[in-house]
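Biologist: I should like to learn how to read a pocket and a buried residue. Please take me through both.

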Amino acid sequence: MKSYNRFNFFKHTFCDWQLVDSNVIQQREPDYKSKSGSFYYFEQEGLYRYSNHWGRAANCRWRINKSQNQSNNYIVGYAKWQDFYPNDENSELFVICYDPMTKQVDFAHKMQDSSKQGIYRTASATSKRIAKIKQVLQNDDWFKYVGHCDFNQAQEFLINQLIQTNEDFLAIKRKLLPPL
């Protein structure tokens, strides 16, 4: 596994940063300031990033506490060097994570996936699948012609199939239709 440090962490990486109090960098001069206005403070075990943009950062995908921070406020995130993983837009590196209790859907890097049971997809394919899962969770339009079975069971079936297979949505939905 590739190891990351202050000289390569910004080259095609994925990372989940932890939100930390901004007091940790007060009284410190940044070690580096990016062209986009982010400040970096290097440590032996990792680094702090003071920034107002997370998610896609140049050729990287960096999340702050597994959420896409939409605000334009500057916040401080911390990541250990071991928290960085390779990111390549064309490689199947991401797995979809779903919690049926909270009905929350997210994704993880395959290096974070301890179960090793998911289907890995590219970032783009993962994003499209998650959008479809959210659509199934947020409205019931898909249930219009499937009304012969239990809504919750049908919803869970669709979500599990979207996560565990590469079949398209219509093919999965056809499995819920009664036989002719």
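Biologist: How much space lies in the second largest pocket?

Modeller: Rolling a probe the size of a water molecule over the atoms shows where empty space is left. A pocket is an open set of points on a 1 Å grid over the protein atoms alone, where a 1.4 Å probe fits, with protein on both sides within 12 Å along at least five of seven lines. Its volume is the space filled by probe spheres set on the points. Here, the second largest pocket holds about 300 Å³. It is lined by 17 residues (an atom within 4 Å of a point), and Phe10, Tyr32, Ser34, Tyr40 and Ala58 are the closest to its centre.

Biologist: How far may I trust the model?

Modeller: This is a predicted model, in which local features need pLDDT (the predictor's confidence in each residue, from 0 to 100) of at least 70, side-chain atom pairs count only at 80 or more, and totals for chains, interfaces and linings use all residues. Residues are numbered from 1 along each chain, and side-chain values use heavy atoms, without hydrogens and water. The chain has a mean pLDDT of 90, with 93% of its residues at 70 or more.

Biologist: Is Thr13 buried or exposed?

Modeller: Buried means under 20% relative accessible area, with a 1.4 Å probe and protein chains only. Thr13 has 0% relative accessibility, and therefore counts as buried. Its side chain reaches the backbone oxygen of Phe9 at 2.6 Å. Beyond its neighbours within four places in sequence, Thr13 is in contact (heavy atoms within 4.5 Å) with residues including Tyr4, Trp62 and Phe84.

Conventions:
Buried means under 20% relative accessible area, exposed over 50%, partly exposed in between (1.4 Å probe, protein chains only). A polar contact is a pair of N or O atoms within 3.5 Å; within protein, one must be able to donate a hydrogen and the other to accept it, and residues adjacent in sequence count only if both atoms are side-chain atoms.
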